[in-house]
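Reader: I would like to go through this model by question and answer. Please show the structure before we start.

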Amino acid sequence: MTLLECIDGPEDLKKLNQDQLTRLAGEIRDVLIETVTRTGGHLGPNLGVVELTIAVHRVFDSPKDRIVWDTGHQAYVHKLLTGRFAQFGTLRQRGGLTGYPSRAESEHDLVENSHASTSLSYADGLAKAYKLRGEPDRTVVAVIGDGALTGGMAWEALNNIAAAKDSRLVMIVNDNGWSYQPTIGGLAEHLAAIRVNPRYEHVLDYIKTTLPRAPLVGPPLYGTLHRVKKGIKDVIQPQVMFEDLGIKYVGPIDGHDERLMETALRHARDFGGPVLVHVITKKGFGYPAAEQNEIDCLHQFPAAGAQPGSWSRVFGDELLAIGARRPDVVAITAAMLHPTGLAQFAAAYPDRVYDVGIAEQHAVTSAAGLALGGLHPVVAIYSTFLNRAFDQMLMDVALHRLPVTFVLDRAGVTGLDGASHHGMWDGSIMQLIPGMKTAAPRDAKRIAELLNEAAEVSDGPTVVRFPKGNVGGEVEAIAKLGGMDVLRVPAAGLGGDVLLVGAGPMVLTGLEIADRLAGHGIGVTVVDPRWTKPVDAALTGAARRHRLVVTIEDNGRVGGFGDAVARLLRDHDVDVPVKTFGLPQEFLAHGTRQEVLDEAGLSSQQLALHITEAVARRSPAEVLPAPADAREAAPEGRPVE
Ligand SMILES: Cc1ncc(C[n+]2csc(CCOP(=O)(O)OP(=O)(O)O)c2C)c(N)n1
């Protein structure tokens with residue numbers, strides 16, 4: 001029996017001696033490597049926090065003490081040590097363990113938001129709550145990476161934490177020098193300077209231990225030196241800015257030395273006020289394939305980089321081509337150069353790419369600045385992370401009618417990363433922004449077309465959104481309807497029953513639906529709007545020629561493309577009924593993209609059933625049968641409208 005199998009919770013961990021802890025760390029690494037290379041997930045970050053997590057759970061008393069994992073992608077070791085070893089093989093599988101902390105899984109999990117840089121704010125609030133409620137024996141622990149520490153929220157939190165002198169709050173900065181890529185910016189350079197300058201600790205030790213022992217001159221001299229400590233620090237190394245902010249700083253500590261970690265954490269715990277413990281770790285530690293991976297230390301397995309054939313890569317290739325023609329086009333990423341497909345552009349035009357760190361808000365407003373300065377910035381970002389920068393898009397970019405193009409990767413259902421990673425909000429958010437134009441390509445050729453059209457817009461912002469995964473086959477238009485592509489008209493002999501408008505690749509699902517319905521005598525016209533905002537006015541005339549309008553989108557149903565179409569038709573007194581299909585406005589659990597779409601009722605079978613029934617309701621004289629296969633696949637009792 002392995003040691004790990006005997007750990008049901010942190011209490012068991014506390015019984016182990018140092019040799020056993022070393023063995024346990026090895027066992028954990030074996031399980032991480034074996035499991036994550038099979039299920040996929042965050043490998044490098046978790047390999048790097050094995051000793052750190054063991055030490056946290058030995059020193060603190062979870063769940064009485066609360067541990068907040070920033071981003072939460074590095075919480076696998078925490079899962080293994082809090083009674084979830086037996087289920088660990090189900091990681092990121094539908095119905096299995098999630099890839100982030102999950103309140104439903106364990107009382108040891110508190111924050112399951114996987115958006116970075118929030119932990120210090122959560123921790124600040126928690127510590128204040130425990131103080132106010134008279135629970136002084138609880139300590140709050142936040143574990144935050146140097147990457148997440150580049151996010152603005154983390155700095156807003158530090159500013160407040162510095163003022164909350166009696167908060168029992170331990171901030172562990174897990175500094176491995178990497179986000180997905182080496183962490184950028186002044187903060188990263190500051191941390192790196194501390195990391196490589198061990199003289200700092202030695203000098204302070206000398207001052208504390210040797211000088212006070214000298215009689216008479218000892219204590220006063222120590223006091224004097226203590227007062228000028230800042231000055232000494234200036235001489236021997238750049239200042240530790242956290243202390244200048246008023247936050248107690250401990251470190252740097254070797255994060256792979258479990259015993260040292262425990263000592264530092266016990267000191268921090270017993271201090272009674274906010275303490276920042278600076279821990280140095282190696283991303284991917286103990287697994288050469290990760291340690292030596294030059295792109296991202298196997299931050300994710302399989303690699304998150306834009307693979308050939310993926311939407312991200314097709315976008316990246318086209319941006320490269322645009323960049324060759326247009327020297328004014330520049331790219332911005334928020335710490336995700338490779339996953340968003342910008343690697344080739346960066347290699348060709350290193351001076352025209354800005355990695356701003358995990359700082360989406362700054363990315364958007366600095367793009368506004370670049371646009372004001374005469375450039376055309378392309379902000380390449382995952383849809384879910386752009387949520388953060390709504391006000392920046394609205395006021396800093398759109399209000400000023402600035403030509404910024406937002407390329408939203410992972411728009412729609414993303415799959416295995418679960419609720420906080422689905423890009424199901426942008427379609428609705430963009431509808432709110434005056435002057436924002438949004439495009440949804442259906443295939444690779446349309447990415448190129450629409451990206452070029454977006455880059456030509458000079459009087460306001462544009463969006464190009466596409467999902468995760470690989471692009472499908474190309475589908476050519478058979479006709480134009482305004483600026484839209486008509487992909488299918490009813491076969492000879494069938495009437496104009498349904499006008500089906502599918503946003504982005506959902507129009508391909510629309511083609512499958514049309515095939516199914518044709519078999520049941522229902523004529524469907526399938527249209528790809530290409531631009532989903534503003535809605536093309538040509539839809540009004542087309543709607544009048546059909547008995548039912550159907551919209552399908554890979555976005556939340558509320559306030560999305562479908563609602564915009566329905567509003568357009570209402571505004572033009574077109575009284576043809578409209579059915580809008582999209583994702584239910586819920587936090588959708590993890591599963592493969594297809595599993596999640598199926599559960600949301602967005603498979604072609606399920607949609608064909610609903611559309612058939614809707615047509616039948618409008619044709620009492622000739623009741624149309626539903627396709628048998630669609631009826632079988634219908635979800636039970638799930639509202640789709
Ligand atoms: C707001 C936001 N933007 C981007 C991401 C994508 N992301 C996940 S982990 C990560 C890097 C985190 O680096 P760090 O905090 O240093 O942790 P490490 O993986 O190095 O342990 C990024 C950019 C995110 N989760 N949240």
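Reader: In what order do the strands of the open sheet of six strands come?

Author: This is a predicted model. Its open sheet has six strands with mixed pairing. The edges are β12 and β18 (578–583), each of which pairs on one side only. From one strand to the next the twist averages 30°. The order is β12-β13-β15-β14-β17-β18.

Reader: Which residue of β15 stands opposite valine 498?

Author: Strands pair through backbone hydrogen bonds, either parallel or antiparallel. Strand β14 (residues 498–502) and β15 pair in the parallel sense, over four bridges. Opposite valine 498 in β15 stands valine 524.

Reader: What angle does the direction of helix α22 make with that of β15?

Author: Helix α22 (residues 506–518) packs on the sheet. It touches β13, β14, β15 and β17 (548–556). The angle between the directions of α22 and β15 is about 170°.

Reader: Which residue stands opposite aspartate 485 in β15?

Author: Strand β13 (residues 484–488) has four of its five residues buried. Three bridges join β13 to β12 (residues 479–481), antiparallel, and there aspartate 485 is the bridge partner of lysine 480. Three bridges also join β13 to β15 (residues 524–528), again antiparallel. In β15, the residue opposite aspartate 485 is aspartate 528.

Reader: Which residue in the hairpin of β12 and β13 takes a positive phi?

Author: The two strands of this hairpin run antiparallel. Two residues lie between them. The residue with a positive phi, near 60°, is glycine 482.

Reader: Is isoleucine 611 buried or exposed?

Author: Isoleucine 611 lies in helix α26 (residues 604–617). It touches Val498, Leu500, Ile513, Leu517, Leu548, Val550 and Phe581, leaving out residues up to four places away in sequence. Because its relative accessibility is 0% and the cut-off is under 20%, isoleucine 611 counts as buried.

Reader: What are the end C-alpha atoms of helix α13 apart, set against the span expected from its 14 residues?

Author: Helix α13 covers residues 258–271. The expected span is 1.5 Å times one less than the number of residues, so for α13 it comes to 20 Å. The end C-alpha atoms agree with that, at a separation of 20 Å.

Reader: Which residues of α13 are buried?

Author: An α-helix has 3.6 residues a turn, so residues three or four places apart point the same way. The cover over the buried residues of α13 includes α2 (18–39), α4 (50–59), β3 (169–175), β4 (248–254) and β5 (275–280). The buried residues are Glu258, Met261, Glu262, Ala264, Leu265 and Ala268.

Reader: Why does the pair of phenylalanine 315 and phenylalanine 466 count as tilted?

Author: The count of aromatic pairs comes to eight. In this one the ring centres are 6.1 Å apart and the planes stand at 40°. Planes under 30 degrees apart would be stacked and over 60 edge-to-face, so this pair is tilted.

Reader: How many residues apart are phenylalanine 315 and phenylalanine 466?

Author: Phenylalanine 315 is in helix α15 (residues 311–325), while phenylalanine 466 is in the loop between β11 (462–465) and β12. Phenylalanine 315 is buried, at a relative accessible area of 1%, and phenylalanine 466 is buried too, at 1%. The pair links distant parts of the chain, 151 residues apart.

Conventions. Residues numbered from 1 in each chain as written. Predicted model: local features only at pLDDT ≥ 70, side-chain atom pairs only at ≥ 80, totals over all residues. Heavy atoms only, no water. Buried < 20%, exposed > 50% of the residue type's maximum accessible area, 1.4 Å probe, protein only. Pairing = 2+ DSSP bridges. Contact = heavy atoms within 4.5 Å. Phe/Tyr/Trp six-rings, centres within 6.5 Å; stacked < 30°, edge-to-face > 60°. Axes fitted to C-alpha atoms, helices over the stretch in contact; angles between N-to-C directions.
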